[in-house]
Amino acid sequence: MASLDFMRALKFAAQKHSKQRRKDPDSTPYVNHLINVGTILAEAGIKDEGVLIAAVLHDVVEDTDATFQEVETLFGVDVSNLVHELTDDKTLEKAERKRLQIEKAAKSTKRAKLIKLADKLDNLRDLQMNTPQGWTEERREEYFEWAKRVVDNLRGTNAMIEESLDQIFRDRNLL
């Protein structure tokens with residue numbers, strides 16, 4: 001049963017991301033991704049409420065006008081710290097952000113690694129089915145290769161999620 005705090009976080013994320021859409025052909029509401037990430041974790045047996053709440057909030061500071069202070073005020077220091085650990089610095093060039101994700105993955109806390117694994121799994125599941133609007137097939141393939149490098153630095157965190165990712169990597173001949 002979802003807690004009131006989790007439902008409040010989901011509502012907050014849905015409101016903050018309300019105008020955002022995924023780049024799939026159907027322009028799926030972005031909040032579906034956040035729900036998927038939380039669901040992947042729950043299905044993998046994760047019961048840590050802070051992890052589940054941070055999962056639905058993991059992009060809220062990076063991609064909306066929300067602040068870490070706002071997240072801390074509404075959901076506590078623990079969740080805010082997790083969101084902070086998962087947030088890319090948008091002032092950096094995209095290539096640098098991607099490089100840092102690979103590097104930072106190995107140094108992340110186990111709780112942040114769980115969220116990062118679930119995030120990558122949902123993104124790769126989407127990419128298996130669709131090439132995002134505006135992407136070339138080459139860019140799509142590069143994302144799979146880059147994601148594998150991130151995931152390789154998250155290994156040993158959750159066998160169930162890692163096996164799902166490995167199946168995708170095997171299907172792409174990356175394993």
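UniProt, in an unreviewed entry, lists residues 83-112 as a "coiled-coil region". In this predicted model, that span is 70% helix and 0% strand, and its end C-alpha atoms lie 8 Å apart. Thr109 belongs to the loop between helix 7 (94-107) and helix 8. Is Thr109 buried or exposed? Thr109 falls in between: its relative accessible area is 40%, so the residue counts as partly exposed, given that buried means under 20% and exposed over 50%. Leaving aside neighbours within four places in sequence, Thr109 touches Leu82 and Glu85. Ala13 sits 96 residues from Thr109 along the chain, and the C-alpha atoms of the two are separated by 23 Å.

Let's follow Ala13 back to helix 1, which runs over residues 4-16. At 1.5 Å a residue, its 13 residues should span 18 Å, and the end C-alpha atoms are indeed 18 Å apart, so the expected and modelled lengths agree. Within helix 1, the buried residues include Phe6, Ala9, Leu10, Phe12 and Ala13. These cover an arc of only 160° around the axis, which means that they sit on the same side of helix 1. The spacing makes sense because an α-helix has 3.6 residues a turn, so residues three or four places apart point the same way. Leu4 and Lys11 are exposed on the other side of helix 1. As for what covers the buried residues, the list includes helix 2 (31-43), helix 3 (49-57), helix 4 (60-63) and helix 5 (68-75).

Helix 2 is a good next stop. Its 13 residues should also span 18 Å at 1.5 Å a residue, and with the end C-alpha atoms 18 Å apart, the model agrees. Buried here are Val31, His33, Leu34, Val37, Gly38, Ile40 and Leu41. Their cover includes helix 1, helix 3, helix 8 and helix 10 (159-171). Just after helix 2, Gly45 takes a positive phi of about 90°.

Leu41 also leads us into the interior. In soluble globular proteins, nonpolar side chains tend to be buried together. Here the largest nonpolar core has 51 residues, and Leu41, Leu57 and Leu124 are those with the most contacts inside it. Which helix gives the most to this core? That is helix 8 (residues 110-129), with eight residues. To see how Leu124 fits in, look beyond its neighbours within four places in sequence: Leu124 is in contact with Tyr143, Phe144, Ala147, Leu165, Ile168 and Phe169.

Key
Residues are numbered from 1 along each chain as its sequence is written. This is a predicted model: local features need pLDDT of at least 70, side-chain atom pairs count only at pLDDT 80 or more; totals for chains, interfaces and linings use all residues. Side-chain values use heavy atoms; hydrogens and water are left out. A nonpolar core is a set of buried Ala, Val, Leu, Ile, Met, Phe, Trp, Tyr and Cys residues joined through side-chain atoms within 4.5 Å. Buried means under 20% relative accessible area, exposed over 50%, partly exposed in between (1.4 Å probe, protein chains only). Helices (H or I, at least four residues) and strands (E, at least two) are DSSP runs, numbered from the N terminus. Contact means heavy atoms within 4.5 Å. UniProt positions are given in the numbering used here, feature names are shortened, and annotations may be inferred rather than shown by experiment. The expected span of a helix is 1.5 Å times one less than its number of residues. The arc is that of the directions from the helix axis to the C-beta atoms.
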